[in-house]
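Reader: I have a structure open on my screen and would like to walk through it with you. Could we take it a piece at a time?

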Amino acid sequence: MSTALPPKHHEGLREPGSGPVDRDPVTRKRLPLWDRTKFLILLAVAFGVLVWNTVATYEGIMPLRDALALTVRDASWILWLAGAEVVRQVHFLISERSAGYHRFWTQKVFGGWNRWTHRRFNDWNRYRIARAIKWAVWIAVIALVLGRVQQVSPLQALFSVPATVWGFLPMVLQLVLIMVVAVGQFVAIFWFLSRGGVDVYYPDDIKTRFSDVWGQDHVVERVKENIVFLEKPDEIEARGGYVPSGILLWGPPGTGKTLMAEAVAGSTGKPYVFVDPGAFINMFFGVGVLKVKSLFRKLRKLALRYGGVIVFFDEADSLGNRGALAQGGPGGWGRSVPAPFEDAGCNGFAYLDPHTRTVLGRHAAGPAAEAAPPRMPRTGAFVNRIVYGAGMGGGGGGMGTLEALLTEISGLKKPRGFVNRYVRRLLGMRPKPPPKYRILIMMATNLPEALDEALLRPGRIDRIYKVGYPSKAGRIRTYKGYFDKVSHQLTDEQIDKLATITPYATGATIKDLVNESLITAIRDGRETITWSDVMRAKRLKQLGPPEDVEYIERERHAVAVHEACHAVAAYRTRHHLEIDLATIEKGADYLGMVASIKPEDQFTRWKSEYEADIMVSLASLAGERMFFGEDNSSGVSGDLQSATAITGLMEAHWGMGIGVASLPALQELGLREGKAAQPQPGGGGTGFTGTPVGRRDEMVPDMLPERIEFNLSRLLEKTAELLRENRREVLSVAHALEQHKTLNGDDVVAVIEGRMGPLIDGTVYTSDEFYEEIEAYHVAAATAHQAHSEVPIELPLPRTRVIEASVVAASSGGAAPVLVAPPSNGLAGGNGHAPAVQPAEPAQPDFVPWNGAPPPVSPVSPLLPSPAPPSRTSYGALWAVVGVVVAVVLLTLLGVLLFASPRGVAGAGGAATVAGVPAGTAVLLAVALVAVIGGIAVAVLLVRSHQAGRRRAEEARDRAAERAQLLAAAMDPEVAMRLLGYDGRRGPEA
Amino acid sequence: MVGTVVGAAVAASVLSGCAGPDYTYVRDDAGGTYFKVPASWRQIDQKSLDKEVFGETESATAQVVKQLVWTTAFDAHAEPSAGHLLQGSPGAEDQPFVFAKVEKLTEDAQNAVSLNELRNSSGLYVAVPEETRKKMEEATAYKGFELLADEVLPVTDGVRGVRSVFNYRLLGGPVQTFDETAYLSADGTTVSTLLIRCSPLCYRKRAAEIDTVVKSFKVKRLINP
C-alpha cells in the first residue's frame, strides 16, 4: 500500500510544472474534505428543513424528539441516500489507502464492465441503450411526480398522462397561438423584406439581341457559346462534360456588359432573372440569406420548368467581399496571387488609360498613392483595396449573404425536399438524385477585384471575360450603328477618323457623343448631323462649356503663345500622338490647353515618346522665356510638374535615364536611391550601393534628383532650340488661337503647314507681310506685358475671310457672344471689327450655312461632301437651259423638215433615205431628238422632286426649330435663356 | 467537524427512528386543526366512523354535509370500534375514545355562530333552554345531562373556544363523561370540535392523559386556507 502525499490545495491554476508527476497512480486521489462531505451536508440540511417543517406543522404540541422520529419515518429516502453516500465515501476512503482495493475496483469491476460492454455492444448500440435508459429514468421521475401530485400510484399517473395532457390542451393551444402571433410578426416582416430586387423576364419580353452589341465580338462569341450549351446541354453532357455555370463580365463602365446580358436574355429561349445590385442590402441580419435562398428556390423552379434559366447579377461587386484570403501574403492588402484581372507584363493598367495622364494622375492622387508605388502596377487598377474593403466587406452583401450565395451556387447537387429526403427514406426508398438544374449565372462588375475569390473559382464562375474598350473596328461599328439611327452626312472616312481620335470610347460615350452631336445640330436648326457638329460635340464633352472669361489682350497673347508653344512642340516632336485641339478658352481648371490623342492603338510606350512628352510640357516654359524676354508665368507649374514626374519615372522606374535601377524595387528592399552606374565601360561601380570609382564624366550627375534635373534642363534646352527654329509657326498658331480661341488638331496643323484646314485657312500665314504684322503685334504685346500697359496695336486680321468662323462662334458656347458683341456674330474672338466678314453674312441663309455658301473659299474640308449640284442651280438658269435645248431641237427639226419637204417625206425621223441628207444622219438626229426630249423630261422630274424635297426639308427644319424651342423650354432656365437669346439675336437677320 | 455534526445528526435520527414517537399527531386536511393522541391509541376505520356519525343515509344532503366535514377518531381500547363513540365498551375497563370534527360553516351557520353553538357543535346538546332540556329528558335518548365544568377559553390569535365537561346517559347505556373542546377559527368559517368520551371512573383515572390530548388540540390561523 502506498500513500500519496496529500495534495496541496491551489486556488486557481497551479504553477506550470507542478502538476501530478504520477500519470497512473495506484491509489485514488485524495478528496478534499468539502468534496467528501458536500452531499452529506446537503442531505443533512434537507433533513433539517423537513424536521423544522414538521415542528411548524404541529406547532406547540410536538417535542423535537417526536419531530425527528416522524421525519425519519416519513422521509426515510433521505436516510437511504445518506447511507449510500456514506458507503460511497467509505469506498473512496479505502480506495485512497489501499492500492489493491483501488485496483480491484478500477480494473476488475468497472474496467471489466467497460470491457464487457464494449465487447458485447458496439458503440451505436451502447449509445442507444444509454438513450433508452435515460428515457426510462425521466419517465419514471415524471410518473413519480405526477403520482405524488395526483395522489395516485405512479403507474396510474403514467396511464393518465394523455388525459392530463388533453386537459391542458386548451391552454397549450392558447400559448401556441400567442407564440405564433409573436413570432409571426417577425416572420411576416422578414418575408416582406426578402421580397423584391429580383425580376424575372420570360422569353420575348426583351428585344435586345446579340446583333445590338457592337465592338465586342470576341466576348459575344464566347457568351453565345454558353447560351448554346444552355440550350443544348446534351451536346456537352453526352460527352462527359458539364455546362459552364457561370460567366463574369468585367470591364470599365459603359462597355456594354449589361447590354450583353440583355442580349443574352433576348436571344435565349430561357427565362432571365435580373438581380438588382441593391437586392442584398438589407436592414436585418439574415434577410440577405433568406433572399438568396428564395432566389435560388425560384431559380430551381424556373430551371426545371423551362429547362434552364439565366440569372444576372448586375454590379456584382455589391455582393461584397470577405476580405483578403489567407494567402494574402505579407503585402498587407495586396494580393500575392491576384485575380485574373491583372494583365501580365508591363502595362498593368488593364482597363484604365495607359496614358501618361494616368501615370501623372496616380502621382497626383496624393501621398497615399505615393506610398505604395510598387503596388499599383500589380493590382492593375485604380481600386484601392482599403477603400472598397471598408465599403463592401462591411456593409454590402455582408452578414452571411455572400456565404449563402456561395453555398447555393455550388450546392445545387444535393437532394432537396422534405418528401424526397424523409418520406422516401421512411418508405425504404433512396432519395432521388436532384434533377439537373441548368442555371447560368452571369455577373457584371467594373470592380472585379472587389469580388470574393471564392466566387470566382471554376464551378461557380467558370468563365471570366473582360469586356474592355472596344477596338477601333468595334468603335467604327458602334459609331455607324448609332449614326445610322439618326440623319447624318458623315462619310466612312470621317467615321474612321472619329473612331481613331476617340481611343477609349465605349458604347455609352459613343452613344452620348452622337446624341450630343444631334443636339448641336438641332440647336442650329438642322436635322442632319455634320462633321462640324460632331467636332463641336466632342469638344464640349471633352472640355465642358468654356467659361465666359475674356482675357485682357496681353494676357490673351501670353496664353496663346503658351499654348502655341505646346502645339508646335507637339507637332514637331510628338509623332505618336496627334493634336486633338488647342484652345485658350478658360475652362474650369485651366487657362488653355493642347489636347492630344493617339492616332492608332498602341500599347507600349518608348523613351523617345516620353522625351517628346516632356519636351511638349517644357515647351511652355521655354517658349514663355523666349518670347517674353526670360520672363515666365506661373502657368507653367502644371507642365513642369508633369515633366518632372515623367522624367523622374523615366529615371527611376522605366530605365530610360542615366541609371538603370528601379527605385520602387530599391525602396522595397530598403535601400536608398542610389547613384547611377557608369553608362560608359570602365565604370567599375557596384551599382547603386557602392561608390562608383573610376573615371566619370563630370557632367553626368550622380544622385537621382540631380539626374532628373539634368535631364530636364537638357530637354529644356532642346525644346528652346526647337522653338527658336519654329518662331514663325508659334506666332502663327498663337495668332490663330487668339483669333479663333479654339482650334481643332487639323487646323493647328494647317496653320503650321500653311495650308487649308478643315475650319481655318492656314494659307494666310504664308504671307510674309501678314507675318510681319503678327510679329509686330507680338512685340507690342510683349512690351505691354513688361510695362503692364495696354497693347497699342490691335490684333491683325488676315485679309481672307475665315469661313467657318460663324460656326466656331456658335460653338464657343451660345454664351460667349452675349457678352462680347452680339451684332458681329460672324467672328470669333475678334476684337470687334470684322469688316471683311460682314458683307458676306446677310446673304447666308441663317440655318444652313454650307448650303448656299457663295464665298470664294469652299466652306468645308475635303472631308465634307459638297452638296448636290442641282440644289444650287437657280430656276432661271434652269429654264434658260431648257429653252436653249428646245430652241436647238426646234431648229434642227425645222432644218430637217426644210430638207425633207421637197421629197414629200413627212414624219419625224422617217426611216427612208432622204435626199440630201444621208439616212445615217437622219437616224442620228432622230435619236438625239428623243434623247434630248427624254433628258429634258428627266431633268424636269429631277428638279421637281428636288423642289419638293427641299420644301419638305424646310418644313421639317421649321418643325425642328420649334422642337428645339420646346427642348430649350424644358431645359433649365439658364440654358433656355441662352437659347432664346441666341434666337432673338439671330432674329433680325432672318 | 462538519462530518461529526452530520454524523451526530444521522445517529440521532436513526436512534429516534428506532424508538418511534410517543404520540400520534393528527391534523385535518386543511392543516388548521391538529392534536395528538398517545401512540397506543388507534385510529378508527373511516368508513365505520362515517356510518356511526352520519348514519347509513345515502341522501344527497348527507353527501353534501360529508363534503363539509372532516372527522377522525382514536380509540384506546384494544379492539377499536366506532361504536365506542357514545357507549363505551361493555367490559370492565372502559377506555377513552377521541373524536375530532372540523366543519366548514355555511354562510347561515357563520352568521348564527355563538359560544352555545360551539358547545353544541359535537352533536351532544349542552346549551339548550330549560324547557327543551326537559322535553329531551322525557322524549329523547339524550338523558341524564349533568354539566360538570364549562370554561370559555382565552382568545388566542383570534381563535375563540369553549371547553365543557358533562355527563350523559345515552341510548339507555351507563353514564358517560364527555370532555368537549370547540374552537371557531379566526376567520369564523370553521368550527373544530374535539370530543373525548370515557366512563366517569375512567375519566377520573386517566384525567392527566385526557388532559394532554385536550390541551394539544389547537387551531391555528392558516396563511392560505
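Reader: Which residue is the bridge partner of Phe274(A) in β4(A)?

Author: Happy to start there, keeping in mind that this is a predicted model. Strand β3 (residues 272-275) of chain A and strand β4 (residues 309-313) of chain A run parallel and are joined by four bridges. Within β4(A), the bridge partner of Phe274(A) is Phe312(A).

Reader: Why do β1 and β6 of chain A each have one side without a neighbour in the sheet?

Author: Follow the order of this open, mixed sheet of six strands in chain A: β1-β3-β4-β5-β2-β6. β1 (198-201) and β6 (463-466) of chain A each have a single partner strand, so one side of each stays free of a neighbour in the sheet. From one strand to the next the twist averages 20°. As for your question, the reason is that both strands stand at the edges.

Reader: What angle does helix α11 of chain A make with β4(A)?

Author: Helix α11 covers residues 287-306 of chain A and lies across β1, β3, β4 and β5 of that chain. Its direction relative to β4(A) is about 150°.

Reader: Are α22(A) and α29(A) roughly parallel or roughly perpendicular?

Author: The axes of helix α22 (residues 553-573) and helix α29 (residues 768-787), both of chain A, come within 9 Å and cross at roughly 115°. Angles of 65 to 115 degrees count as roughly perpendicular, so that is the description for α22(A) and α29(A): roughly perpendicular.

Reader: Which residues of α29(A) meet α22(A) there?

Author: The crossing is left-handed. From α22(A) come Glu553(A), Arg554(A), His557(A) and Ala558(A). In α29(A), they meet Ala781(A), Ala784(A) and His785(A).

Methods:
Residues are numbered from 1 along each chain as its sequence is written. Chains are lettered from A and ligands numbered from 1 in the order in which they are written. This is a predicted model: local features need pLDDT of at least 70, side-chain atom pairs count only at pLDDT 80 or more; totals for chains, interfaces and linings use all residues. Two strands pair if DSSP finds at least two bridges between them. Helices (H or I, at least four residues) and strands (E, at least two) are DSSP runs, numbered from the N terminus. Axes are lines fitted to C-alpha atoms, for helices over the stretch in contact, and angles run from 0 to 180 degrees between N-to-C directions. Two residues are in contact if their C-beta atoms, placed from the backbone, lie within 7 Å. Angles under 35 degrees count as roughly parallel, over 145 as roughly antiparallel, 65 to 115 as roughly perpendicular and the rest as oblique. A crossing is left-handed if the near helix is turned anticlockwise from the far one by less than a right angle, and right-handed if clockwise.
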